Amino acid sequence: MKIYKWLYEKNSYRLAKKKLIRAFTAGGIHLTFKNSAKKDIRVYPKIVAMKPNEKTYTFTYTFTLPLGFSPEELRKKEFIFRQVFGKNLELKGDDKTFKLTLFMKQLPTEIEYNFREIKKVVAKHKLPIVCGQDKYGRWSHFDLVEHPHLLVAGETGSGKSTQLRSIFTTLMLTKSPDELHFYLADCKQAEFHMFKKVQHVKCVVSQKHHIIKMLAFVREEMKRRGDLVETFGVNHIDKLPKAHRPPYIIVGIDEIAMIRGDETADELMKDIGFMGRSNGIFLFASLQRPTSDCLDTTVRSQLTNKMGFHVGSAKEAGIIETTGADTLETTGRFILRNHKGLTELQAPYLDEDIADELLSPLMTANTTKPPKDGNPTDITQLPDDIFKGPKNEDDLFGQEDDWSDDDEKA
């Protein structure tokens, strides 16, 4: 931290340049030639600019690589800059020119969820996903309609559950129950219980056979929407006439690893991933430990937005393409991988009691029965027994009295 403050206050460009060259030397970031006297001549990257910024409290180096030096080799040696300057930095560039930014301000260790502030930030989005704040104190956010599907990973206590809570709450507060529906699979029976009575939520299921039935129902709805889009000759449900425009649907699956290896579930999720965007259907998945066999590779690749909270190893971080997630130490800190690349962010903290208070106007007295006037699109009828278990329990989810699987009953 002292080096950033010193560079900023003293504005010592000469010593700043010396510090960067030291990093180049230590990391072997140079080309070596022999002159006529057979002495080694080192060609370092050319430093073309050094600039402090008083508004963002940063100091930025701009340099160009010597012809023939691999940019991938430079990226592999980013750790050298962290050893010389500390962890609070960012390296970005293309094939030739790179910028190394040193941050004099640290990311906050906690950001309180403030819906009034967030609502202003995401006003332009159709389906706003608020991620968190970056090192500049700016909110990171995107539109799920433009950049579909989301994967969130992180160990217990890393902040993954709180992040899902704030994302869902923001969506429910910004979209009406007629504009957005949720179908939720709570494999651990722990994360989504608080949303059961929210009007947007059409079901919350836990057992594998109920999850598969839910996914199958959503796929059929997706096909119906596809026929509707084709009939009107458009390429997205947003372009349908208002009278025929169905609500967006989010399918959320917590701890997706618990249904891994089920071919039916994998195929259903693949179909939703492939065709969901134009039909307004989006897939959210979360898991604690990302391993190579916990999620079908095709499904994983379709979840283009990835949030990596603290995970157990660099290998796990690599599986979800959030390099560095294994080194995170602060609760709520994560690496975002999206269309903009990799960004380290701090997620907003939303207490469950506060979320309940915010969502209370959207609560219904009882949501354990399917709507009697049709399914979420008011087009096809939702069968009363769609989620019932083998004993035809009265409860929609088939879970209140019997938590065993079909195989166990056989």
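Begin with the whole protein chain shown as a surface: its accessible area comes to about 20300 Å², and 49% of that area belongs to carbon and sulfur atoms. The model on display is a predicted one. Colouring the chain by burial shows the interior, since buried residues make up 51% of the 410 residues.

Next, change to a cartoon view. The protein chain holds 12 helices and 18 strands. Contacts may also be displayed at this stage: of those between residues at least 6 apart in sequence, 64% join residues at least 24 apart.

**First stop: a sheet of four strands**

Select strands E3, E4, E5 and E6. These four form an open sheet, and reading across it gives the order E3-E4-E6-E5, with antiparallel pairing. Which strands are the edge strands? They are E3, at residues 46-53, and E5, at residues 89-93, each of which pairs on one side only. From one strand to the next, the twist averages 15°.

Now restrict the selection to residues 58-64, which are strand E4, and residues 97-103, which are strand E6; seven bridges pair the two in the antiparallel sense. To inspect one of these positions, pick Thr60, whose bridge partner in E6 is Thr101. While the side chains are visible, one general point may be kept in mind: in a regular strand, side chains alternate between the two faces of the sheet.

Add residues 78-85 to the view. This is helix H4, which lies across E4, E5 and E6 and runs at about 145° to E5.

**Second stop: two helices in contact**

Select residues 160-174 for helix H6 and residues 352-359 for helix H11. Their axes come within 11 Å and cross at roughly 10°. Because angles under 35 degrees count as roughly parallel, H6 is roughly parallel to H11.

Show the side chains where the helices meet. Helix H6 contributes Arg165, Thr169, Met172 and Leu173, while helix H11 contributes Glu352, Ala355, Leu358 and Leu359. How do the residues of this contact divide by character? Five are nonpolar, one is polar and two are charged.

**Third stop: a hairpin**

Finally, select residues 333-346. Strand E16 occupies residues 333-338 and strand E17 occupies residues 341-346; the two run antiparallel and are joined by six bridges. How many residues does the hairpin use to join E16 to E17? The connection passes through two residues. To end the tour, pick Arg333 and look across to Gln346, its bridge partner in E17.

Methods:
Residues are numbered from 1 along each chain as its sequence is written. This is a predicted model: local features need pLDDT of at least 70, side-chain atom pairs count only at pLDDT 80 or more; totals for chains, interfaces and linings use all residues. Side-chain values use heavy atoms; hydrogens and water are left out. Buried means under 20% relative accessible area, exposed over 50%, partly exposed in between (1.4 Å probe, protein chains only). Contact means heavy atoms within 4.5 Å. Accessible areas come from the Shrake-Rupley method with a 1.4 Å probe; for residues, only the protein chains shown count as cover. Two strands pair if DSSP finds at least two bridges between them. Axes are lines fitted to C-alpha atoms, for helices over the stretch in contact, and angles run from 0 to 180 degrees between N-to-C directions. Angles under 35 degrees count as roughly parallel, over 145 as roughly antiparallel, 65 to 115 as roughly perpendicular and the rest as oblique. Ala, Val, Leu, Ile, Met, Phe, Trp, Tyr, Cys and Pro count as nonpolar, Asp, Glu, Lys and Arg as charged, and the others, Gly among them, as polar.
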